Amino acid sequence: MTSPILVTGGTGTLGRLVVPLLRDAGRDVRVLSRSARPSVDGVEFVTGDVSTGEGLDAALEGVETVMHCAGSAKGDEDKARNLVRAASAAGVRHLVYISVVGVDRVPVVSSLDRAMFGYFAAKREAERIVAESGVPWTTLRATQFHDWVLMTLRQMARIPVMPLWGGMRFQPVDAGEVAARLVELALGEPAGLVPDIAGPRVYGMKELARGYLRASGKRRLVMQVRTPGKAAAAYRKGANLAPERAVGHRTWEDFLAERLRQDR
């Protein structure tokens with residue numbers, strides 16, 4: 001009998017795409033959720049919280065592979081610490097972690113850096129915790145998802161003037177393509193830090209914003225603001241990009257057109 005794969009963050013942007021792919025591969029799935037949910041069609045929901053460690057021991061019982069997709073703007077290092085502690089005690093044989101391109105190149109040294117780019121520092125620390133846990137592991141770094149770019153632009157467009165981060169570029173990737181790669185990795189052997197996954201094109205933030213405004217029929221004045229700090233400077237130099245790993249296929253334009261159709 002094959003052991004279930006535990007997915008943290010299984011109801012989030014990435015996790016909800018991972019779960020059906022695992023089921024299609026014939027694997028039983030256990031999803032860690034902070035609230036109780038009924039189990040359905042080979043997917044068992046168990047109550048627990050990686051932020052506090054509550055419920056992890058029970059959730060990991062009989063599990064050999066964990067896909068850690070639970071991420072947030074802050075606290076990723078604490079989530080990783082709680083998870084690897086429980087995974088090590090449970091004898092987990094493979095921990096798969098999703099990180100972000102640039103964690104090793106975006107310096108987060110000042111309070112200003114941390115305010116805007118603390119996520120990179122937390123992800124970097126979480127990577128270290130996973131790598132030093134003693135649990136066999138695989139880490140995949142991805143560029144920003146299309147979903148994140150859209151959410152960010154929508155927030156900026158709430159006011160008449162869109163304050164863009166001047167000089168910054170992005171290489172958005174489709175969350176579904178990242179999910180497929182993660183599942184492939186989870187079904188294989190632990191591989192350590194694997195090659196990055198990035199979207200097919202690099203865009204200036206102004207280009208992304210113009211595309212969003214055009215597709216959504218909104219009119220906004222666009223203003224580029226130069227963000228201070230070492231982390232922002234690294235971003236302007238392309239530390240968040242991986243043009244040599246432009247292996248994604250779905251473009252920002254394709255994603256945007258489909259998502260806005262769905263939202264109408």
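Trainee: Which residue in strand 2 is the bridge partner of V7?
Mentor: This is a predicted model. Strand 1 (residues 5-8) and strand 2 (residues 29-33) run parallel and are joined by four bridges. Within strand 2, the residue that forms the bridge with V7 is V31.

Trainee: What angle does the direction of helix 4 make with that of strand 5?
Mentor: Helix 4 (residues 111-131) packs on the sheet. Its contacts there are with strand 5 (94-100) and strand 6 (137-142). The direction of helix 4, set against that of strand 5, makes an angle of about 160°.

Trainee: Which strands stand at the edges of the open sheet?
Mentor: The sheet has seven strands, paired in parallel, in the order 3-2-1-4-5-6-9. A strand at an edge has a single partner strand, so one of its sides is left without a neighbour in the sheet. The strands in that position are strand 3 (43-47) and strand 9 (192-193).

Trainee: Along strand 7, which residues point to one face and are buried?
Mentor: In a regular strand, side chains alternate between the two faces of the sheet. Strand 7 (residues 161-165) shows such an alternation, and V161, P163 and W165 point to the face whose side chains are not buried. The buried side chains, which point to the other face, are those of M162 and L164.

Trainee: Which residue in strand 11 stands opposite P163?
Mentor: Strand 7 runs parallel to strand 11 (residues 221-225), and five bridges join them. In strand 11, the residue opposite P163 is M223.

Trainee: How far apart are the closest N and O atoms of the salt bridge between R128 and E125?
Mentor: Both residues lie in helix 4, three residues apart, or about one turn of the helix. An α-helix has 3.6 residues a turn, so residues three or four places apart point the same way. A salt bridge requires a nitrogen and an oxygen within 4 Å. For R128 and E125 the separation of the closest N and O atoms is 2.5 Å.

Trainee: Is E132 buried or exposed?
Mentor: The side chain of E132 meets that of R128 in a salt bridge of 2.7 Å, N to O. R128 counts as partly exposed because its relative accessibility is 37%. A residue over 50% counts as exposed. The relative accessibility of E132 is 57%, so E132 counts as exposed.

Trainee: With which residue does the side chain of R250 meet in a salt bridge?
Mentor: R250 is partly exposed, with a relative accessible area of 22%. Its partner is likewise partly exposed, at 33% relative accessibility. The N to O distance of this salt bridge is 2.5 Å, and the partner is E258.

Trainee: Which residues are joined into one network by salt bridges that share partners?
Mentor: The network arises where salt bridges have partners in common. The residues joined in this way are D78, R81, E125, R128 and E132.

Trainee: How are helix 3 and helix 4 oriented: roughly parallel or roughly antiparallel?
Mentor: Helix 3 (residues 76-90) packs against helix 4 with their axes 7 Å apart, at an angle of about 15°. Angles under 35 degrees count as roughly parallel, so the orientation of helix 3 to helix 4 is roughly parallel.

Trainee: Which residues in helix 4 meet those of helix 3?
Mentor: The crossing of the two helices is right-handed. Helix 3 contributes D76, E77, A80, R81 and V84. In helix 4, the residues that meet them are Y119, A122, K123, E125, A126, I129 and V130.

Trainee: Where is D41 placed?
Mentor: D41 is exposed, because its relative accessible area is 62%. Its phi is near 50°, a positive value in a residue other than glycine. The place of D41 is the loop between strand 2 and strand 3.

Trainee: Which helices are included in what covers the buried residues of helix 5?
Mentor: The buried residues of helix 5 (residues 146-156) are H146, D147, V149, L150, T152, L153 and M156. Their cover includes strand 7. The helices included are helix 6 (175-186), helix 7 (205-216) and helix 9 (252-263).

Trainee: Which residues in helix 9 meet those of helix 7?
Mentor: Helix 7 and helix 9 pack with their axes 10 Å apart, at an angle of about 30°. That angle makes helix 7 roughly parallel to helix 9, and the crossing is right-handed. From helix 7, L208, G211, Y212, A215 and S216 meet residues of helix 9, namely W252, L256 and L260.

Methods:
Residues numbered from 1 in each chain as written. Predicted model: local features only at pLDDT ≥ 70, side-chain atom pairs only at ≥ 80, totals over all residues. Heavy atoms only, no water. Pairing = 2+ DSSP bridges. Contact = heavy atoms within 4.5 Å. Axes fitted to C-alpha atoms, helices over the stretch in contact; angles between N-to-C directions. Buried < 20%, exposed > 50% of the residue type's maximum accessible area, 1.4 Å probe, protein only. Parallel < 35°, antiparallel > 145°, perpendicular 65-115°, else oblique. Left-handed = near helix turned anticlockwise from the far one by under 90°.
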